[in-house]
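Dear colleague,

I am handing over the structure below, and my notes on what was found in it follow directly after. Please keep it open while you read.

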Amino acid sequence: THCFTHTRTILFANNMPPLGPTLANIIAVLSWIAPIFLLPGSLIMIASPHGSMAIAGGLVMGAILAGGPKNLMFRSSCFVVLAAVTATAPVPAPAARESYNVSLIGLVGLFIMLAMITEVPGRRKQWSRFPWFRRLLTEEGLDGRSYYKRAELRGNLKGVKPGRVLYAVHPHGVLTAGWTWNMFFNGDFHERCGRVGFLLDEGLRLKSPTFRMMCDWVATDEQWAGPATKRVMLESMAEGKSSLALLPGGFQEATLCEKGKDRVYIKNRAGFVKYCLMHGYSIVPVYTFGESDTYSCFSWLLKPRLALAKRNVPAAAMWGVSWCPFLPRPAELLTYIGDEIKLPKIADPAKDDIKKYHGLYMKALQALFDKHKADAGRPDAKLEMY
């Protein structure tokens, strides 16, 4: 098997990964998860002087902010309401003054987050690129891939070439370590595939302040990250100037994640096949062995958690390394590229066309898994399709 190898060889005495790669992964992970805690934390701080009912109301307001329009008028109106909550906090006594200060700090934090992601007329919608930040996270700097025991891109690498190709990547895992380090930050992959767009959850890409900033900072002429919306996918395919990479399983696949299990959410995911048919894009299945070993996950209440995930609410609780639970375990990440599935161009594909090629894709994904599981050190592994 041909592979782009990146193997960790330097360990601390206590078997921890080197400090540099650990810092790179902390930066990457925090860009994902920091807003999950910062938004509700700010709202709790704002409402705390007024008691538990006000805190509950503040969290409801947070849900409205997260799910509502991105324009300046809507978010300014919400912010004015929350500013009024801070302004009416009791202040006479020393203890009350302390509560007021906490509320004010929360309001300032919320303002900063909203300012980073709100669409303001006349202002650029993207952060400027910072090539040094990309170099910091990759081999030229902290070398985030070296955090893992092995981080390798394998399989049909000779078939990776520029063109109208969509790489369908599984599994999502909790925080997509294989996608991140073996593809997104893998210079060898980019040299072969040419210009490529990585399509991500819309809420994460556009509404998460820190993640949005990181994606804009690390963008290059040959790589971009956009929301995985129908509009963006169809516009990108119509232009035909980029390969695309997609995580078809989305939050549902993240919800299914369980340590040691190989699970994908694909049976009800056929939209990407339809779009590929409409624009004559080929599909290449990609699978990462070891993704499910990066975290231990809460595995109970699967049906209600999948229902939440269907509404784009992350419903996964995870635990990584013992000394820093949000950091993934340094497992082996072996990502295998499958064979290209060439699709005809059908301007208006019928349901039977979509069903046919979606079925071919699932068979190809299963074949990719079975072909490489022994090479990945998991000869008895079974792929569970949901």
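To begin with one position, Gly141 sits in the loop that runs between α5 (131–137) and β2 (150–155), where helices (H or I, at least four residues) and strands (E, at least two) are DSSP runs numbered from the N terminus. The model is a predicted one, in which local features need pLDDT of at least 70 and side-chain atom pairs count only at pLDDT 80 or more, while totals for chains, interfaces and linings use all residues. Residues are numbered from 1 along each chain as its sequence is written, and side-chain values use heavy atoms, with hydrogens and water left out.

Gly141 counts as partly exposed because its relative accessible area is 39%, given that buried means under 20%, exposed over 50% and partly exposed in between, with a 1.4 Å probe and protein chains only. Leaving aside residues up to four places away in sequence, Gly141 touches Arg135 and Leu136, a contact being heavy atoms within 4.5 Å. The C-alpha atom of Gly141 is separated by 8.8 Å from that of Pro21, although the two residues are 120 apart along the chain.

On the surface, Leu104, Val108, Phe111 and Ile112 make a nonpolar patch of about 360 Å². Patches are made of residues with over 30% relative accessible area and no salt bridge, with like charges joined within 9 Å and nonpolar side chains (Val, Leu, Ile, Met, Phe, Trp, Tyr) within 5 Å; a salt bridge is a side-chain nitrogen of Lys or Arg within 4 Å of a carboxyl oxygen of Asp or Glu, and accessible areas come from the Shrake-Rupley method with a 1.4 Å probe. Within this patch, Leu104 belongs to helix α4 (residues 94–117) and is partly exposed, as its relative accessible area is 35%.

As for internal space, there are 2 cavities of 30 Å³ or more, and the largest cavity holds about 200 Å³. On a 1 Å grid over the protein atoms alone, a cavity is a set of points where a 1.4 Å probe fits but cannot get out, a pocket is an open set with protein on both sides within 12 Å along at least five of seven lines, and lining residues have an atom within 4 Å of a point. The largest cavity is lined by 22 residues, with Ala28, Trp32, Leu175, Thr176 and Thr180 nearest its centre, and α6 gives the largest share of that lining, 5 residues.

The largest pocket has a volume of about 1200 Å³, a volume being the space filled by probe spheres set on grid points joined across faces, edges and corners. Its lining has 39 residues, and α1 gives the largest share, 8 residues.

With best wishes
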